[in-house]
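Here is a short walk through the model in front of you. Take a look at the chains before reading on.

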Amino acid sequence: MSLQMRGATYAYAGTKATVLEGVDLDVEPGRVVAVVGPNESGKSTLCLVAAGLAPAAIGGRLSGSVVLDGQETATLKPYEAAQRCGILFQNPATQLSGTSATVWEELAFGPRNLGLSIEEVVERVEGAMTTLQIGGLAERDPHRLSGGQAQLVALASVVALRPSMLILDEPTSQLDPAGTRLVGDALARLAASGTAILLVEHKTGLVERVADQVVLLVGGRVETVGPAATVLADPQLDEFGVDPPPSARITRALAAAGHADRLAGLDLAALEAEPVVSGGLGGGA
Amino acid sequence: MRGWTGPLVVLAMVVATAAVARIGRSMVPFALAVIPLVASILLINTFLFPGATDVIVRIGPLTPTWTGLEAALQATLRVASFALSVAVFALTTPTDDLLADLERRGLGRRGIFVIGAAIGMIPRIAERASEITDSQRARGLDTEGSPVRRVRGVVPLAGPLIIGALSEVEERTMALEARAFSAPGRRTTLRQLPDSTSQRFVRWAAGLGAIVAVAASLAGFLPLP
Amino acid sequence: MTGPAIQLEGVSFDYPRGPRALDGIDLQVATGELVAIVGQNGSGKSTLVRHVNGLLRPTSGSVAINGRPVGRRHVAELAREVGLAFQNPDRQIFAGKVRAEVAFGPRNLGRRGADLDAVVERALAIVGLTGDEDTNPYDLGFSRRKLLALASILAMETPIVILDEPTTGQDARGISRVQKIVADLSAAGLTVIAISHDMRFVAESFQRVVVMRAGRIVLDGAPQGVFAEEAWPTLASTFLEPPLAARVGARLGLGATPTEAALVSALAAQAPAR
């Protein structure tokens, strides 16, 4: 098990109110667990706690158990946690070290911090570039990339530490549809190669595409957890301020109007995942 | 020649280096930056040198003196040679190389990061400042036209700029931690800066030469500074 | 008011260091229209709207607001007619209290006293922040700060309102709220323009969709037309996809159905519900 949380309860430093309350969560290698919920339900805090950064890097009080790769995060220093679990936030710009002239150097930042040999550093960087298919960006200035490309670079620089688990906090929130698709594809590839992934997202369409399991977090507590298809089809999602994926909305709208039968044999989720124009993108008008 | 040889020798070396490195034109802004200081040095020393009596020409109550003028010119040369030698250093040393070398010599990763990130942040802060100003202008803050208006534009700019920078600090810190920034031990050095024996010899020789020159000058053997 | 609310003629814009961001844009927006501008990042959407309130001046071509050319009029003066809400609220919020933040715009435009208070209250009511007048903006979560930034523009009561990515970072409740705000503004007769990546929001809430690619307008029309099957290759060329409802409608042979509602009506028209 890459991540195992039992009864995790957390409050930020200097505050009394708990932001997470008794959270149980499991993420296995190669599986994508998505967390959905209204804003301010504790999703970002969950990411920091699961990654071992809270309380180690930012203070606060944690009770319950959070086990990353077999070790309690309470016993891990931030740089030790970083090698087990990488974390990605929504703003591409704040995740760049700011000291690298090229993407290659940016990816080398992490391995260099660990004092690895030059050969090892090179291997890690090239490995990360291959996994995320960004070899073409190696010589580019990290600050002059599109949002989607920058997020891939940030992701690669974390993958270069070879963590067995990745946590992503709304990684596509500031991206356009093309960027969202880039990140979604990269996540699917990473999961397929055995990385455990915890993904916080608003875009339930993306969640439907890549997630195996979905957790609904409301007010710091786990409200529901189950297979993605089941949880996303649950009409309760609306009440909790979560936008159901387009396929679920359409299915429900048609059923409510008495036209459910017209969708027989049509897998909406699959339709959505198909490319719109055959032969891929590129035809122009 | 006491008082002249020092700065003249330095200036000669600066000019020679600039010529070889072909940075003559880039030195101009540095030279211009020195002008206000030099102007005040010239004026104050020429007109107000204490105790000087060899007046050049009497212009009403003003009495410029030869002694004053000589002191002024010496001081100007000193300032110029100092400023331009700094300019040569700044213009011929890429920041990355400088930081890589400091790191190799043992300046910790935090020091390197602070310097490198601070320098890198300047264009980004400028960009952010202009975005913030645009937001405020779109809300009716008039920053075009008179200087007074432009100054007024600063207040609604400072808040978001500072708060924005501060609120990013936490996320940036965590992004750094996620890249093992606080791992103990030495970072791997990637850049090998070329450092031939002759370069090393020159560095040591220059350092020793400076010490010898100062000692000789104090002992009265050399007409320096 | 004479003439269209917004008129761009042959507008081209080059950034100082090179790329041509707008290439011969001709665009007319009538008073009271409800328009969405979509396109990949870098297609020129933000550059375009910054020409409407004078933050950018065209390299060539002309811009006119309500019949009057923009020329070299100050941005602050144009702010009486055009309100632009930026994507990132944290790039504008500087006051310690919600009320002061919202009052900044109308105060710059000359409102004072009871008149100013009234305008602030109206704006807060529209975005649902009534009661938070004395709250520190940074005690509000990000989505409510975004609504605060919107309120500070609405308080200027301009006839034209432009929203840059109003739904980004919002949860489902936030998005519904924005949809309602847009509908209410339009019902009140304002000209409303929004830049958005959310195709469902665009298809459901707007009468007209302008699609941009590489500084040009490649599609311009009602959602039915812009998301119809014939237009899909053009959309694909700018890395956009039609909403799922449109794809389902095409698959079922129902013609153009950009929204769930359109899909349901098309089905009902074809064969009544059982």
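What pLDDT does chain C average, and what share of its residues score at least 70? Chain C averages a pLDDT of 91, and 98% of the residues score at least 70; pLDDT is the predictor's confidence in each residue, from 0 to 100. This is a predicted model, in which local features need pLDDT of at least 70, side-chain atom pairs count only at pLDDT 80 or more, and totals for chains, interfaces and linings use all residues. Residues are numbered from 1 along each chain as its sequence is written, while chains are lettered from A and ligands numbered from 1 in the order in which they are written. For the complex, the predictor gives an ipTM of 0.84 and a pTM of 0.82.

**Chains A and B**

Let's start with the overall build of two chains. The helices (H or I, at least four residues) and strands (E, at least two) are DSSP runs, numbered from the N terminus. Buried residues have 20 or more other C-beta atoms within 10 Å of their own, exposed ones have 12 or fewer, and partly exposed ones fall in between, with C-beta atoms placed from the backbone. Two residues are in contact if their C-beta atoms, placed from the backbone, lie within 7 Å.

| Chain | Helices and strands | C-alpha box | Buried | Contacts 24 or more positions apart, among those with a separation of 6 or more |
|---|---|---|---|---|
| Chain A | 11 helices, 10 strands | roughly 65 × 55 × 30 Å | 54% of 285 residues | 65% |
| Chain B | 8 helices, 0 strands | roughly 65 × 60 × 30 Å | 20% of 225 residues | 59% |

Both boxes are taken along the principal axes. With its 11 helices and 10 strands, chain A has a radius of gyration of 20 Å, close to the 19 Å that the globule rule gives for 285 residues, so it is as compact as a globular protein of that length. That radius is taken over C-alpha atoms, and the globule rule is 2.2 Å times the number of residues to the power 0.38.

Chain B is another story. A compact globule of 225 residues would have a radius of gyration near 17 Å, but chain B has 25 Å. Read along the sequence, chain B goes α-α-α-α-α-α-α-α. For a single spot to look at, try B:A205, which sits in helix α8 (residues 197-218) of chain B. Is B:A205 buried or exposed? B:A205 is exposed, because 10 other C-beta atoms lie within 10 Å. Between the C-alpha atoms of B:A205 and B:P160, 45 residues apart along the chain, there are 52 Å.

**A sheet in chain A**

Strands pair if DSSP finds at least two bridges between them. Chain A has an open sheet of 4 strands in the order β2-β1-β4-β5, with antiparallel pairing. Its edge strands, β2 (20-27) and β5 (71-72) of chain A, each pair on one side only. Inside the sheet, strand β1 (residues 3-11) and strand β4 (residues 61-68) of chain A are antiparallel partners over 7 bridges, and A:T9 stands opposite A:S63 in β4(A). Helix α1 (residues 43-50) of chain A lies across β1, β2 and β4 of chain A, at about 120° to β1(A). Such angles run from 0 to 180 degrees between N-to-C directions, and axes are lines fitted to C-alpha atoms, for helices over the stretch in contact.

**A strand inside chain C**

In chain C, confidence is highest in strand β8 (residues 191-195), at 97, and lowest in α11(C), at a mean of 88. Why is β8(C) described as largely enclosed by the rest of the structure? Because 5 of the 5 residues of β8(C) are buried. C:T191, C:I193 and C:I195 point one way from β8(C), with C:V192 and C:A194 pointing the other way.

β8(C) pairs in the parallel sense with strand β3 (residues 34-39) of chain C over 4 bridges, where C:L34 has C:V192 as its bridge partner. Strand β7 (residues 160-164) of chain C also runs parallel to β8(C), joined by 5 bridges, and there C:D164 is partnered with C:I195.

**Where the chains touch**

Chain C puts 39 residues into its contact with chain A, which gives 35 residues. On the side of chain C, the elements giving two or more residues include α5 (142-154) and α6 (172-187) of chain C. That side divides into 20 nonpolar, 11 polar and 8 charged residues. Here Ala, Val, Leu, Ile, Met, Phe, Trp, Tyr, Cys and Pro count as nonpolar, Asp, Glu, Lys and Arg as charged, and the others, Gly among them, as polar.

The contact between chains B and C takes 16 residues from chain B and 19 residues from chain C. α5 (109-137) and α7 (155-177) of chain B each supply at least two residues of the chain B side, and α5(B) has the largest share, 6 residues.
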